[in-house]
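Work through the exercises below with the sequence and the model at hand. Each task is followed by its solution in steps.

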Amino acid sequence: MEISALLTSAGINISICIVLLSLYSILRKQPANYCVYFGRRLVCGGARRYDPFWYERFVPSPSWLVKAWETSEDEFLAAAGLDAVVFLRMVIFSIRIFFITAVVCIAFVLPVNYYGQPKVHKEIHLESSEVFTIENLKEGSKWLWVHCLALYIITSAACLLLYFEYRTIAKMRLGHITGSASKPSQFTVLIRAIPWSPDQSYSDTLSKYFTNYYSSSYMSHQMVYHNGIIQRLLLDAERMCQSLKHVAPEINCRPSLTPCTFCGGLTATNSFHILSNEGDSVKGMELGELTMTTPEQERPAAFVFFKTRYDALVVSEVLQTSNPMLWVTDLAPEPHDVYWRNLNIPYRQLWIRRIATLVGAVAFMFVFLIPVTFIQGLTQLQQLSHAFPFLRGILKEKFINQVITGYLPSVILILFFYAVPPLMMYFSTLEGSIARSIRKKSACIKILYFTIWNVFFVNILSGSVIRQLNVFSSVRDIPAQLARAVPTQAGFFTTYCFTSGWASLACEIMQPMALIWNLVAKAVSKNKDDSYETLRFPYHTEIPRLLLFGLLGFTNSVIAPLILPFLLIYFFLAYLIYKNQILNVYITKYESGGQYWPIFHNTTIFSLLLTQIIALGFFGLKLSTVASGFTIPLILLTLLFSEYCRHRFAPIFHKHPAQVLIDMDRADEMAGKMEELHKKLHSVYSQIPLHSQKSSSKGECSTPFANQELPDPEKLKPEEGDAIAKELWGYQGNESGQEHEDKSCPSASSPENRTPTMIELHKRS
């Protein structure tokens, strides 16, 4: 691929990014779009702003970048949770390692590659991208020691940064466990595969078993019922209520009285009435009465509550009977994390479901070979034109040739990839995950494997076939074949960084689907209220993308380092944009407690090993025995480092330390909190909670302004330093017409976290 094609792709994507980011900085200031760009703050704060017409509202401003940059990690942790902090540290790690990699490779490796052979060079934009790769070095070159030394520096820096990050995040996970002392999941064990008895119900069987074997620690239990129909009816009723609530504001829900045609009396004209939000008719009902739960509706699964955290931990880790397929125990997920639908799946079916989903995922990976091969054909039009002469007419137009070979392939690949996350999430649901976080983590792993295979390996293999290179004939030939193929795809990987990296980040911050839906809702259904859907951050799609770019950066670092500056720009943009989105848009209702970091660590180690294997193949092709000899120990040292981290840190992410839980139990017993914690267990794990329970456990924060009538913003504009106005318009120092600043939403409603000015304003309102 020519450098001019790369520059064309870069120019198109830079223009797209500038336009979208400028539009975002304008659209986010419009009051009608608050529900799109500040969904999290609206849910957390409940303060809706209707600002006057200002000129500044229609001028792009970079103040949102400043806010995202200035938010500290502690504030970010309090607002978004541990998973968000771990994701942000993944981005920071990528910035650090690829800054080091870019400095080393651009300063030393790139000049060696460019001047590897004595020849007359063209102008930069007319050069081929292969000139900047290691392919330009002649065989037996003495300059290959520069590549070997750069490989050692990159690997050493990556391992050192990984070690410190793993240690820090492991401490944060322990702090997450100890800091959540009131979590009911620490006292709860999920029991599945309860044996069926014709003489008694599942509930009686479970009670008899735990009373017999765990009499000193067993407290009570709550069965899982097969009442999916009831749950769906309740959800449909709630959605219908919301729809009627927001339908055409001109409809007056206050009934007006008109004379009756037949009797002459007064009758109400409207059939809609505003009912109480508390659900008074079901307050006095028992749970069993509401859900119509009977012994016939019981499923062989239950939540069992224990007196201490340590007792629950022991039960979850111990094999209960000699038959591992009965009385299967796991620590229960958090109440909002429970995926109730999958608790109805018989435990004996799970292994069949996992095999079926694995086969389905692999089959889809092979089906995806068709579009990937077609895309590679677009990048290799010069080679295909010999077999298909009609392509020569298309290639005569220089700009069209640059767009087709430099921009179009990566765009088509991204469009095809939009079908991957929903399908992988569906596969993860079929597996029978008991928690939403586990399902999302499983989908993340599937998308990661799929992405690395199709974007990296399949593109290399299909490009090799088109170039008529030999496909792998034996395991021994794999390093050499990868070494031949990777430099030929360096141009495609660079353009993929533009389209899937830069442009995707710009689309992420614009939220085009939510913006269109909001406009349709206001224009078609005449909805003047800020109704919005609360979104969760898509870790299962963004972490694989982050890791894919890390893989491309490592594998191309010493072979084709021209990609590194563009990757570094992507990681800087990702840091600011993702931070802004997590703070303003996405809601955290459940999390995995940092479970995504081992995935990132293991994939980074894999990327380092693959880079070393490819470099080893190139050193062999270039007949450099010294560089090859020094690369083999580096591979062994990387494997040893990975094994050390697996034994030192990984168990913390899979098990809860007994020492920590025992200390927490003793502290709660000394403080007299145990009885209060025990009383909450039944209510939070209710399969169909009552309205009052549901509203109190949404995991959404509130502020003193929730459901309050705010003063007129026109009168509160800060001109003379009014303290109350500054509290409401704190964002005005940077930009006009934005949301109320709320640094720590989860605890904003607690009185001790309110500022004196906020308390005074709350009293006045």
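A cavity is a set of points, on a 1 Å grid over the protein atoms alone, where a 1.4 Å probe fits but cannot get out, and lining residues have an atom within 4 Å of a point. Grid points are joined across faces, edges and corners, and a volume is the space filled by probe spheres set on the points.

The model is predicted: local features need pLDDT of at least 70, side-chain atom pairs count only at pLDDT 80 or more, and totals for chains, interfaces and linings use all residues. Residues are numbered from 1 along each chain as its sequence is written, and side-chain values use heavy atoms, with hydrogens and water left out.

**Exercise 1.** Describe the largest cavity and its lining.

Step 1. Its volume is about 150 Å³.

Step 2. The lining has 15 residues; nearest the centre are Lys440, Phe537, Tyr539, Thr588 and Tyr590.

Step 3. Sorted by class, this lining holds seven nonpolar, three polar and five charged residues. Ala, Val, Leu, Ile, Met, Phe, Trp, Tyr, Cys and Pro count as nonpolar, Asp, Glu, Lys and Arg as charged, and the others, Gly among them, as polar.

**Exercise 2.** Do the same for the second largest cavity.

Step 1. The second largest cavity encloses about 80 Å³.

Step 2. Its lining comprises 13 residues, with Leu547, Gly550, Phe554, Phe600 and Thr604 closest to the centre.

Step 3. Helix α23 contributes the most to this lining, five residues. Helices are DSSP runs (H or I, at least four residues), numbered from the N terminus.

Step 4. Eight lining residues of the second largest cavity are nonpolar, five are polar and none is charged.

Notes: On a 1 Å grid over the protein atoms alone, a cavity is a set of points where a 1.4 Å probe fits but cannot get out, and a pocket is an open set with protein on both sides within 12 Å along at least five of seven lines; lining residues have an atom within 4 Å of a point. Helices (H or I, at least four residues) and strands (E, at least two) are DSSP runs, numbered from the N terminus.
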